[in-house]
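Me: I'd like a close look at one part of this protein, namely the charged and polar side chains around a pair of strands. Could you walk me through who touches whom there?

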Amino acid sequence: MPAFVKIPTSDLAASVDYWVRGLGFFELFGIPGQLVHLRRWAFQDVLLVTAESVPERAPAMSVNFACVLHQIEAIAEACRAVDPDSVDGPRDTSWNTRDVEVITPENARIVFTAGKSFDPASQEARNLAAVGITPPGVGRGDDAEHA
């Protein structure tokens, strides 16, 4: 586990339920009443650890997990089924991803993000071109042989 998120929770059972049913993680390991190690995909690990209290509000900082595009709506729906007020989105970004943001029972801000298909005629493509990011074969620095 090269990187992981450690999240304090005052209700370990409720947190595990939300992360499993809403966000699609599974329990990899647990020490009853103390911690639960959750995993979604390789290198997507979370340690839920018991704490006496959690922040009253979600911080501005978020933790992002990659997923595939067809999962975004399903994650949003699953989280809404567990807690209807926990979900913001899905929404498209100007850098060509679709994101869903959730606030977990521990007030952690979690974002699932997925790349969208690249459409060279889209506004997103124009946004990327404006900062020098172009698809192979367009402009200087074509790196097609490495793609």
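Reply: Here is a walk through that region, with a little of the surroundings first and last.

Keep in mind that this is a predicted model. The chain has three helices and eight strands, and from the N terminus on they come in the order β-α-β-β-β-β-α-β-β-β-α. Of its 147 residues, 37% count as buried. The C-alpha atoms fill a box of roughly 60 × 30 × 25 Å along the principal axes.

Now to the strands you asked about. Searching the whole structure turns up seven salt bridges, and Asp88, Arg91, Glu101 and Arg109 are linked in a network of them. Let's start with Arg91. One of its partners is Asp88, with the closest N and O atoms 3.3 Å apart. Both ends of that bridge are partly exposed: Arg91 has a relative accessible area of 35%, and Asp88 comes in at 41%.

Arg91 also forms a salt bridge with Glu101, where the closest N and O atoms are 3.5 Å apart. Arg91 lies in strand β6 and Glu101 in strand β7, so this pair ties together parts that are ten residues apart in sequence. Glu101, at 14% relative accessibility, counts as buried. From Glu101 the network carries on to Arg109, and their side chains meet at 2.7 Å, N to O. Arg109 is buried, like Glu101. As a general point, side chains of opposite charge can pair when their charged atoms come close.

So which charged residue in this neighbourhood goes without a salt bridge? That's Asp99, which is buried; the nearest side chain of opposite charge is Arg91, 5.6 Å away. A salt bridge needs the nitrogen and the carboxyl oxygen within 4 Å. Asp99 sits in strand β7, residues 97–103.

Asp99 does have polar company, though. Its side chain makes a polar contact with the side chain of Thr113 at 2.6 Å, and another with the side chain of Thr97 at 3.0 Å. Thr97 in turn is in polar contact with Thr93, side chain to side chain, at 2.7 Å. Thr93 is found in the loop between β6 (87–92) and β7, and its relative accessibility of 8% makes it count as buried. If you trace these contacts on screen, you can go from Thr93 to Thr97, from Thr97 to Asp99, and on from Asp99 to Thr113.

For contrast, have a look at the aromatic side chains too. Trp19, Phe25, Phe65 and Phe112 form one aromatic cluster, and the whole structure holds three aromatic pairs. Trp19 and Phe25 make an edge-to-face pair, 5.2 Å centre to centre with 75° between the planes. Phe25 and Phe65 are paired as well: their ring centres are 5.4 Å apart and their planes are at 75°, so this pair is edge-to-face. Phe25 lies in the loop between α1 (12–22) and β2 (26–31), while Phe65 is in strand β5 (residues 63–66), so the pair ties together parts that are 40 residues apart in sequence. Trp19 and Phe25 are both buried, and Phe65 is buried too.

One last stop is Arg40, whose charged end sits over the ring of Trp41, 4.6 Å from the ring centre.

Key: Residues numbered from 1 in each chain as written. Predicted model: local features only at pLDDT ≥ 70, side-chain atom pairs only at ≥ 80, totals over all residues. Heavy atoms only, no water. Phe/Tyr/Trp six-rings, centres within 6.5 Å; stacked < 30°, edge-to-face > 60°. Buried < 20%, exposed > 50% of the residue type's maximum accessible area, 1.4 Å probe, protein only. Helix = DSSP H or I, 4+ residues; strand = E, 2+ residues; numbered from the N terminus. Lys NZ or Arg CZ within 6 Å of the ring centre and 35° of its normal. Lys, Arg positive; Asp, Glu negative; His and termini not counted. Polar contact = N/O pair within 3.5 Å; in protein donor to acceptor, adjacent residues only side chain to side chain.
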